[in-house]
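Trainee: I have the sequence and the coordinates open, and I would like to learn how the usual labels are earned. Could we go through them one at a time?

Mentor: Gladly; here is what we will look at.

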Amino acid sequence: MDIHMPSVASSPNPHNNGLQSNGNAKEDLLALMGEKDIVEAELKALGAVLDSHKVTMQTPLCTFDGYPRDDIDVAQIRITRSRIIHLRNDYKGLMNKIEKGLHAHHATIAASLAAAPSSITPPSSVAAAQLIEAPFAKVNTVAPGSPAADAGLQPGDYIKRFGSANVLNHARLAKVAEVVGQSEGVSATKKLIIHA
């Protein structure tokens, strides 16, 4: 075992994506999002390695006279920093692919709605309903005993609607803060917070 290697499971190569494109853009998009979550988890674990040494990505590893510091494991920190830099680049690439995939997915939905007979439901209302149901935020933490915890919200849940806030009007989550302000003293329910 190499003591200088961070003990963090490696994520798959985002440039390869491990995807055998089978023509199902939605499945490919979900696979990319899964890879994004894996990369985020590895970045978090590698950040914890740096934290355990009480260093950051910018902390000098040499003394003022140019010798390696003897109070930290310089080799492990360098390897960890290098992996973080690679993962950050991979993460950017994944996010670009996810963005393109989302655009393609919505274009496919729009095209299928345009081709569908209009006698069933007007395409614009179906597209709007699907868009409104898209998640716009991810829950990182839930305070025990909070209204969100009482409503059943859990870390990792995606928020589709929060009161009157949705993907179309959340205004960088400002609408969420507005809903919270208007709901003080009112217990949260699944009607207020809808998660997936």
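Trainee: What makes Glu-42 count as buried or exposed?

Mentor: The label comes from relative accessible area, where buried means under 20%, exposed means over 50%, and partly exposed is in between, with a 1.4 Å probe and protein chains only. Glu-42 has 4% relative accessibility, and because that is under 20%, Glu-42 counts as buried. Please keep in mind that this is a predicted model, in which local features need pLDDT of at least 70 and side-chain atom pairs count only at pLDDT 80 or more, while totals for chains, interfaces and linings use all residues. Residues are numbered from 1 along each chain as its sequence is written, and side-chain values use heavy atoms, with hydrogens and water left out.

Trainee: How do you know that Arg-83 and Glu-42 meet in a salt bridge?

Mentor: A salt bridge is a side-chain nitrogen of Lys or Arg within 4 Å of a carboxyl oxygen of Asp or Glu. For the side chains of Arg-83 and Glu-42 the N to O distance is 2.8 Å, so the pair satisfies the rule. More generally, side chains of opposite charge can pair when their charged atoms come close.

Trainee: Which parts of the chain does this pair tie together?

Mentor: Arg-83 lies in helix α2 (residues 74–115) and Glu-42 in helix α1, so the pair ties together parts that are 41 residues apart in sequence. The names follow DSSP runs numbered from the N terminus, a helix being H or I over at least four residues and a strand being E over at least two. Arg-83, with a relative accessible area of 24%, is partly exposed.

Trainee: How many salt bridges are there by this rule, and what makes Lys-36 and Glu-40 one of them?

Mentor: The count comes to 5 salt bridges. In the pair of Lys-36 and Glu-40 the closest N and O atoms are 3.3 Å apart, which is within 4 Å, so the pair is called a salt bridge. The two residues are 4 residues apart in helix α1 (residues 25–52), and are therefore separated by about one helical turn. Lys-36 is buried at 15% relative accessibility, whereas Glu-40 is partly exposed at 28%.

Trainee: Why is Asp-37 with Lys-138 called a salt bridge?

Mentor: Their closest N and O atoms are 3.8 Å apart, and because this is within 4 Å, the rule is met. The pair links distant parts of the chain, with Asp-37 in helix α1 and Lys-138 in strand β1 (residues 137–138), 101 residues apart. Asp-37 has a relative accessible area of 28% and is partly exposed, and Lys-138, at 37%, also counts as partly exposed. Lys-36, Asp-37, Glu-40 and Lys-138 are linked in a network of salt bridges.

Trainee: How do you know that the length of α1 is close to what is expected?

Mentor: The expected span of a helix is 1.5 Å times one less than its number of residues. With 28 residues, α1 reaches 41 Å from its first C-alpha to its last, close to the expected 40 Å. After α1 comes Lys-54, whose phi is positive, near 60°.

Trainee: Against which helix do the buried residues of α1 pack?

Mentor: They pack against α2, and among them are Leu-29, Leu-32, Val-39 and Leu-43. Contact here means heavy atoms within 4.5 Å. Not counting residues up to four places away in sequence, Lys-36 touches Tyr-91, Leu-94, Met-95 and Ile-98.

Trainee: What makes a nonpolar core, and which residues of the largest one touch the most other members?

Mentor: A nonpolar core is a set of buried Ala, Val, Leu, Ile, Met, Phe, Trp, Tyr and Cys residues joined through side-chain atoms within 4.5 Å. The largest has 16 residues, of which Leu-50, Ile-72, Ile-77 and Ile-84 touch the most other members. Helices α1 and α2 each supply at least two residues of this core. A second, separate core of 10 residues includes Phe-136, Ala-137, Val-139 and Phe-162. In soluble globular proteins, nonpolar side chains tend to be buried together.

Trainee: What makes Ser-164 count as buried, partly exposed or exposed?

Mentor: Ser-164 has 44% relative accessibility, which lies between the two cut-offs, so Ser-164 counts as partly exposed. Ser-164 lies in the loop between β2 (158–162) and α5 (174–182).
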